[in-house]
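Welcome! Here is a short briefing to read with the model open beside you. Take the topics in any order you like.

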Amino acid sequence: MDSLGVFASVVPEIILTIAALALLMVAAFAGDRTAGLVGWLAVAALAVTGLALTLPAVHGGGEIFGGLYRADAFATFAKAVIYTAAAACIIVAPRFFARDGGQRAEYPVLILLACIGMSMMTSAVDFVTLYVGLELTNLSSYVLASFTRRDLRSAESGLKYFVLSSLASGILLYGMSLLYGFSGTTSFAGVATALADGISMGQTFGLVFILAGLAFKISAVPFHMWTPDVYEGAPTPVTAFFATAPKVAAFALTVRMAIVAMGPGMSSWQQIVIFLALASIVLGAVAAITQDNIKRLLAYSSINNVGFALIGLAAGTADGVASVLSYLLIYVVMTLGSFICVLQMRDDEGNQVESIASLAGLSQTRPGLAAAFGIFLFSLAGIPPLFGFWAKFLVFDAAVAAGLAPLAVVGIAASVISAFYYLKVIKVIYLDTPTGKFSTERNAFDYGIITVCAAVVVVGYLFNPLLGEASAAAAASLF
């Protein structure tokens, strides 16, 4: 491929890099008074980047930079979801940060820098590219987690995330070094070739360490310990971002690593993925029952949903990967809508309401918000005919087709447990005696995103042919 073709394949990353650097200069010289302008320019940059994903070289350019980066339909699908979630998290942030002296201009810049790293992660086909993209995402995330400097919870969550994420990155790096040492290459294709000749003990240890490091990034049990504390302590727009865009990027990286690099060793990693799936589903369902903070409950909901998505990966087939991609898209819509609903929950003095008990009476003061939140919770529980049911059906169907019927049965049974704590929140909102008044202030942009997400959850089945075709094409590019 000529130089022009190479750069055409990385147009999304180029656009984001130029935009991030330019907006960083604006923020540095003009200060926080331009925060609103910087935010909307960042959203515009993400929109232009999303349009760039339609270029043939971006979704079908193949491997470039000597096999370090791959432009294919799989990466394009993941990037589209990531950019959309990131843009939504920028749009809803100003109202939240207004209580802390106003939004700072660095926030959208950090989101853009994280998106560059996530773009590299989804297209990485070499350990070097993987680690560079992962660390760029992490460095931005550390700052975002502790963005509200005067909030002790935010500072604590940033420190916890930094320490534990650094440990996970070290575990991942050690696993990559083991695979490199026993395979003689950092390329995913080269590792797959080495594993096809038989898996040695050293390579097995490398697989285990890599999966452990990646499990932390997607917050799968038993590497989930950071998730509830960070989700609760971080500013709510940041929590919404952590629960959506980085999770999609980490999951896409995990899927590509498992299928492309570790494909010949499927018998070794499949058992690990099945354990991660079952542990995440069960613990996410059970631990959420005792939570009294809505953000912590949604954190365990995220862990629970990661387990369901891992069922599709455990299948190890093209249909399984397609089900994972569909699940991630639907999950992002439900989670984004849920967290933006939480953003709207304020008392009559404008303070954020996070305890579940304090949501009593929301249906009387804010019936539209209560209805939307109820839709998202029912969908997360997998109640038909909402779109969340279809997401679970896809991964269960892929598991059964791959001969993993017992895994699907356990997943279905655990869905009943998880439905309990979603229904508990809905019961508080609609049936409990009101404990206080809620703010009636509304934001058009926030409500617009909530409405769109709720509409997708309710009538998403109309888009099934398009979603099925896109996810199948993306999955096929890995095989």
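A charge sits over a ring if NZ of Lys or CZ of Arg is within 6 Å of the ring centre and within 35 degrees of the ring normal. With that in mind, look at Lys392: its charged end sits over the ring of Phe308, 4.7 Å from the ring's centre. Please keep in mind that this is a predicted model. The points below start from that ring and then move on to open spaces, cysteines and the backbone.

**Aromatic rings and charges**

- The count of aromatic pairs comes to 22.
- One of these pairs joins Phe308 and Phe396, with ring centres 6.0 Å apart and planes at 75 degrees; planes over 60 degrees apart count as edge-to-face, so this pair is edge-to-face.
- The pair links distant parts of the chain, since Phe308 belongs to helix H15 (residues 294-315) and Phe396 to helix H19 (residues 387-401), 88 residues apart.
- Both partners, Phe308 and Phe396, are buried.
- Phe308 therefore appears in two of these descriptions, once paired with Phe396 and once beneath the charged end of Lys392.
- Another charge and ring to look for is Arg104, which lies over the face of Phe147 at 4.2 Å from the ring centre.
- Ring pairs also join a cluster made of Tyr142, Tyr161, Phe162, Phe216, Trp226, Tyr231, Phe241, Phe242 and Phe339.

**The largest pocket**

- The largest pocket holds about 640 Å³ of space.
- Its lining is made up of 26 residues, and those nearest the centre of the pocket are Ala80, Val81, Tyr83, Thr84 and Leu329.
- Five helices each supply at least two residues of this lining: H3 (35-52), H5 (73-91), H16 (318-344), H21 (444-459) and H22 (464-476).
- Helix H5 gives the largest share of the pocket lining, with nine residues.
- Sorted by class, the pocket lining has 22 nonpolar residues, four polar ones and no charged ones.

**Cavities**

- How many cavities of 30 Å³ or more does the structure hold? There are four of them.
- The largest cavity has a volume of about 150 Å³.
- Thirteen residues line the largest cavity, and Asn138, Tyr161, Lys217, Pro246 and Lys247 lie nearest its centre.
- The elements that give two or more residues to this lining are helix H8 (127-145) and helix H13 (236-261).
- By class, the lining of the largest cavity has eight nonpolar, three polar and two charged residues.
- Tyr161 is a residue to find twice: it lies among those nearest the centre of the largest cavity, and it belongs to the ring cluster.

**Cysteines**

- A disulfide is a covalent bond between the sulfur atoms of two cysteines.
- A search of the whole structure finds zero disulfides.
- Why is Cys89 without such a bond? The closest cysteine sulfur, in Cys115, is 9.2 Å from the sulfur of Cys89, which is too far for a bond.
- Cys341 is likewise in no disulfide, and the nearest cysteine sulfur, that of Cys453, is 8.6 Å away.
- Cys89 is buried, with a relative accessible area of 0%.
- Cys341 is buried too, with a relative accessible area of 0%.

**Backbone details**

- The peptide bond from Val221 to Pro222 is cis, with omega near 10 degrees.
- You will find Pro222 in the loop between helix H11 (201-217) and helix H12 (227-233).
- That loop between H11 and H12 also holds Ser219, which has a positive phi of about 55 degrees although it is not a glycine.
- Is Ser219 buried or exposed? At 0% relative accessibility, Ser219 counts as buried.
- A cis peptide bond also runs from Pro384 to Pro385, with omega near 10 degrees.
- Pro385 lies in the loop between helix H18 (367-380) and H19, and H19 is the helix that contains Phe396.
- Phe65 has a phi near 55 degrees, a positive value in a residue other than glycine.
- The loop that holds Phe65 runs between strand S1 (62-64) and strand S2 (69-71).
- Phe65 is partly exposed, with a relative accessible area of 42%.

Conventions. Residues are numbered from 1 along each chain as its sequence is written. This is a predicted model: local features need pLDDT of at least 70, side-chain atom pairs count only at pLDDT 80 or more; totals for chains, interfaces and linings use all residues. Side-chain values use heavy atoms; hydrogens and water are left out. On a 1 Å grid over the protein atoms alone, a cavity is a set of points where a 1.4 Å probe fits but cannot get out, and a pocket is an open set with protein on both sides within 12 Å along at least five of seven lines; lining residues have an atom within 4 Å of a point. Grid points are joined across faces, edges and corners, and a volume is the space filled by probe spheres set on the points. Helices (H or I, at least four residues) and strands (E, at least two) are DSSP runs, numbered from the N terminus. Ala, Val, Leu, Ile, Met, Phe, Trp, Tyr, Cys and Pro count as nonpolar, Asp, Glu, Lys and Arg as charged, and the others, Gly among them, as polar. Rings of Phe, Tyr and Trp (its six-membered ring) pair if their centres lie within 6.5 Å; planes under 30 degrees apart count as stacked, over 60 as edge-to-face and the rest as tilted. Buried means under 20% relative accessible area, exposed over 50%, partly exposed in between (1.4 Å probe, protein chains only). A disulfide is a pair of cysteine sulfur atoms within 2.5 Å.
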